[in-house]
Amino acid sequence: MTITITAFERSPDGGMGLARDTRVRWALEEVGQPYEVRPVSFRAMKEPAHLALHPFGQIPTYEEGDLALFETGAIVFHIAERHAGLLPDAANARARAMSWMFAALNTVEPPILELVNAKILEGDKPWSAERLPLVQDRVRGRLNQLSARLGNAEWLDGAFSAGDLIMVSVLLRLRPSGTLNEYSNLAAYVARGEARPAYKRAFDAQLAQNTGKPTASQ
Ligand SMILES: N[C@@H](CCC(=O)N[C@@H](CS)C(=O)NCC(=O)O)C(=O)O
């Protein structure tokens, strides 16, 4: 059955891979599932046809036969459940990998998004300079904890899993700020994620879509 995802027609990041379709593409590449992409404009995202798929008018969405999903956590989990390669077989290890997926989305991503918003959406407000250090401290608080837990390990809990896929995707959003480089183990962790062939294919595909240029692997 054909899998179709939606992505920005033109991502605001110009193809840096920070839009959330990249994590879904990455998951599909990891498990070797082909997929099609339906690009949507900002206007189309808020129109009834797209709102029927995504109640909040966002990307990405995922369609497969009768099934339509939104929210990257749910989409990646669905992919990981149905195909080998992203969740361990052992029940407890599987549950722990899911803990990391939720931790990435619920505990690590919110302060990172707050930082992104503080810079992009609130940077011109008179109180912005005063607030920014507080937001940055909240991000560093989480990164300190994550860095301490990861230590010298390659991945968060044994073999690479959907938990790492989401965590690396979330941390990548920090790259433009330079904050990631303050944590050498986290920077190396993200680099390991980016070095995975499946990530590279996903990244190249979204870049090609955003620039209109095919990449070396296409
Ligand atoms: N929690 C959602 C967030 C989705 C989201 O914020 N998507 C962004 C692109 S990365 C979007 O569509 N932004 C445009 C908008 O909200 O109007 C998920 O993980 O899927």
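These notebook entries record what I looked up in one protein structure.

**Entry 1. Overall fold**

I began with the model itself, which is predicted. I then looked up the secondary structure and found nine helices and four strands in the protein chain. I followed their order along the sequence and noted the pattern β-α-β-α-α-β-β-α-α-α-α-α-α. I next checked the radius of gyration, which is 17 Å, close to the 17 Å that the globule rule gives for 218 residues, so the chain is as compact as a globular protein of that length. For the extent of the C-alpha trace along its principal axes I recorded about 50 × 45 × 35 Å.

**Entry 2. Burial, contacts and surface**

I asked what share of the 218 residues counts as buried. The value is 46%. I then took the contacts between residues at least 6 apart in sequence and noted that 65% of them join residues at least 24 apart. For the accessible surface of the chain I wrote down about 11,000 Å², with 54% of this area belonging to carbon and sulfur atoms. I also looked up the charged side chains: there are 24 positive and 25 negative ones. The centres of these two sets lie 3 Å apart.

**Entry 3. The nonpolar cores**

I kept one general point in mind here: in soluble globular proteins, nonpolar side chains tend to be buried together. In this model I found that the largest nonpolar core has 53 residues. Ile79, Leu86, Met167, Leu171 and Tyr189 are the residues with the most contacts inside this core. I listed the elements that give two or more residues to the core: strand E1 (3–8) and the helices H1 (21–30), H4 (72–82), H5 (91–120), H6 (128–150), H7 (162–172), H8 (184–195) and H9 (197–211). Which element gives the largest share? I found that H5 does, with 10 residues. Apart from this core I noted another, of five residues, with Ala19, Val40, Met45 and Ile59 among them.

I returned to leucine 86 and looked up its neighbours, leaving out residues up to four places away in sequence. Leucine 86 touches Ala27, Glu30, Val31, Ile79, Ala80, Phe160, Ser161, Ala162 and Leu165.

**Entry 4. Helix H4**

I looked up which residues of H4 are buried and recorded Thr72, Gly73, Ile75, Val76, His78, Ile79 and Ala80. I then asked which elements the buried residues of H4 pack against. They pack against the helices H1, H5 and H7, and against strand E3 (61–64) and strand E4 (67–70).

**Entry 5. Threonine 4**

I located threonine 4 in strand E1. Is threonine 4 buried or exposed? Its relative accessibility is 15%, and the limit for burial is under 20%, so threonine 4 counts as buried. With residues up to four places away in sequence set aside, I found that threonine 4 touches Glu36, Arg38, Thr61, Tyr62 and Glu63.

**Entry 6. Two residues of helix H9**

I located alanine 205 in helix H9. At 15% relative accessibility, alanine 205 counts as buried. I paired alanine 205 with threonine 22, which is 183 residues away in sequence, and noted a C-alpha to C-alpha distance of 8.8 Å.

Arginine 201 is also found in helix H9. I recorded 38% relative accessibility for arginine 201, which therefore counts as partly exposed. I paired arginine 201 with aspartate 124, 77 residues apart along the chain, and noted that their C-alpha atoms are separated by 37 Å.

Key:
Residues are numbered from 1 along each chain as its sequence is written. This is a predicted model: local features need pLDDT of at least 70, side-chain atom pairs count only at pLDDT 80 or more; totals for chains, interfaces and linings use all residues. Side-chain values use heavy atoms; hydrogens and water are left out. The radius of gyration is taken over C-alpha atoms; the globule rule is 2.2 Å times the number of residues to the power 0.38. Buried means under 20% relative accessible area, exposed over 50%, partly exposed in between (1.4 Å probe, protein chains only). Contact means heavy atoms within 4.5 Å. Accessible areas come from the Shrake-Rupley method with a 1.4 Å probe; for residues, only the protein chains shown count as cover. Lys and Arg count as positive and Asp and Glu as negative; His and the chain ends are not counted. The place of a charge is taken as NZ of Lys, CZ of Arg, CG of Asp or CD of Glu. A nonpolar core is a set of buried Ala, Val, Leu, Ile, Met, Phe, Trp, Tyr and Cys residues joined through side-chain atoms within 4.5 Å.
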